[in-house]
Amino acid sequence: MSTTDPIPSTTKPQQLDWINNLRVLAMFLVVILHTTSPMLMAYGKVPNNYWLIADFYNAQARFGVPVFVMITGALLLSRDYELGDFLKRRLWRIIPPFLFWSLIYVAYAWYDEDITFTADTWMNIKIVLHQLKFGASYHLWYVYMLIGLYFIIPILSKFVRNATETQIVYFLLLWLGVMFINQPYLARYNPQIDLHNMTGYMGYLVLGYYLASKQFPGWLNAKWFGMLFLVSLVVIVAGTYFACMAYKGLSTLFYEPISPSIVVLSASIFMVFRLSSFKLSPKIRQIVNFAGGYTYGIYLSHALILTILGDPDYHLNIDYTFYTPFISIPLTALICYSLSLLLVWLLSKLPFGKWIAM
């Protein structure tokens with residue numbers, strides 16, 4: 001997200017355009033993902049054709065968070081860090097906004113009567129601390145995960161900068177191999193070897209660094225990766241549909257972020273943007289650059305905006321139900337994204353606003 005450092009000054013500014021374009025798209029698709037989730041969870045309770053639309057939008061949006069992590073790896077693993085300075089700068093940039101928005105979500109939960117405070121001050125403090133420990137909103141898990149990655153980046157950067165390509169590929173193959181044998185349909189083949197250290201989002205960091213820095217042969221262009229993206233998208237959409245039919249209920253097997261299908265989806269769209277040479281008009285470029293500077297704030301705030309838009313108490317009725325889902329889902333997401341951007345931009349204008357909005 002926007003909490004990543006810029007690429008070193010030796011890199012030409014225009015070479016950053018694809019990363020910023022991808023970051024903005026990924027953020028919008030995260031909003032799409034959360035817009036579709038209620039309909040997706042209603043499998044069997046909504047018309048099948050409507051549910052398939054939600055399945056389609058949800059599937060293509062699944063690369064959002066993995067791509068954020070890949071961008072972080074591409075930008076941060078290429079340089080050396082002094083441990084204390086790195087952690088201080090990184091954590092100082094993400095924790096104050098996170099704490100601010102966490103308390104906003106706690107306050108909204110109290111307002112919405114999801115949690116109850118009493119006259120016991122210490123009990124109220126424990127309630128708030130519990131919320132901060134486990135996440136005051138469903139989407140804040142990403143920040144906890146990101147903090148964990150920041151702790152490992154200074155060490156991981158030394159590895160990738162000094163490793164040979166063979167060693168980096170070996171690391172990625174180990175990560176993918178452990179990912180495969182951890183899939184439910186392969187659980188019976190999972191050996192007793194302790195391989196849990198090779199799981200998680202750390203692999204996306206290295207994958208982002210590798211794909212951003214490797215020189216690929218000329219024939220392996222954006223079109224090939226675009227086709228790979230479309231094939232993986234079809235597999236995820238169709239696989240989810242048939243898995244739900246087989247289980248007679250919602251199955252997220254093909255949606256899991258640490259799964260082969262999502263890795264291929266994320267890696268292919270990452271390469272499409274890296275290898276594409278399309279140019280945006282100056283006006284669109286200005287808008288994208290503006291939005292890209294507030295990505296972290298949009299991520300933190302969008303869940304609140306999305307909740308308010310669809311809350312019956314406010315009579316806005318802006319969610320996936322206000323029109324046919326094929327239109328209402330992206331339109332709701334666009335409204336939410338725009339309002340979130342406006343909100344964090346306004347907050348950034350307040351004294352010390354950059355510490356809670358950026």
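**Close-up views of a predicted model**

**View 1. S137 and its surroundings in the predicted model.** Leaving out residues up to four places away in sequence, S137 touches Y105 and A303. You will find S137 in the loop that links α5 (121–134) and α6 (141–162). Is S137 buried or exposed? Its relative accessibility is 13%, so S137 counts as buried. Look also for the polar contact that the side chain of S137 makes with the side chain of H139, at 3.0 Å.

**View 2. Helix α1 against helix α10.** Here we turn to a pair of helices. The axes of α1 (residues 17–41) and α10 (residues 260–275) come within 8 Å and cross at roughly 140°. Because of that angle, α1 is oblique to α10. The crossing of the two helices is right-handed. Which residues make the contact? From α1 come W18, N21, L22 and L25, and from α10 come I269, F270, F273 and R274. Sorted by class, the contact of α1 with α10 has six nonpolar residues, one polar and one charged.

**View 3. F63 in the loop between α2 and α3.** F63 sits in the loop after α2 (48–61) and before α3 (64–76). With a relative accessibility of 2%, F63 counts as buried, since the cut-off for buried is under 20%. What does F63 contact, leaving aside its neighbours within four places in sequence? The partners of F63 are L25, A26, L29, F229, L265, S266 and I269. Two of these names, L25 and I269, also appear in the contact of α1 with α10. For a distance to check on screen, try F63 and F270: they are 207 residues apart along the chain, and their C-alpha atoms are separated by 9.2 Å.

How values were computed:
Residues numbered from 1 in each chain as written. Predicted model: local features only at pLDDT ≥ 70, side-chain atom pairs only at ≥ 80, totals over all residues. Heavy atoms only, no water. Axes fitted to C-alpha atoms, helices over the stretch in contact; angles between N-to-C directions. Helix = DSSP H or I, 4+ residues; strand = E, 2+ residues; numbered from the N terminus. Parallel < 35°, antiparallel > 145°, perpendicular 65-115°, else oblique. Left-handed = near helix turned anticlockwise from the far one by under 90°. Contact = heavy atoms within 4.5 Å. Nonpolar A, V, L, I, M, F, W, Y, C, P; charged D, E, K, R; others polar. Buried < 20%, exposed > 50% of the residue type's maximum accessible area, 1.4 Å probe, protein only. Polar contact = N/O pair within 3.5 Å; in protein donor to acceptor, adjacent residues only side chain to side chain.
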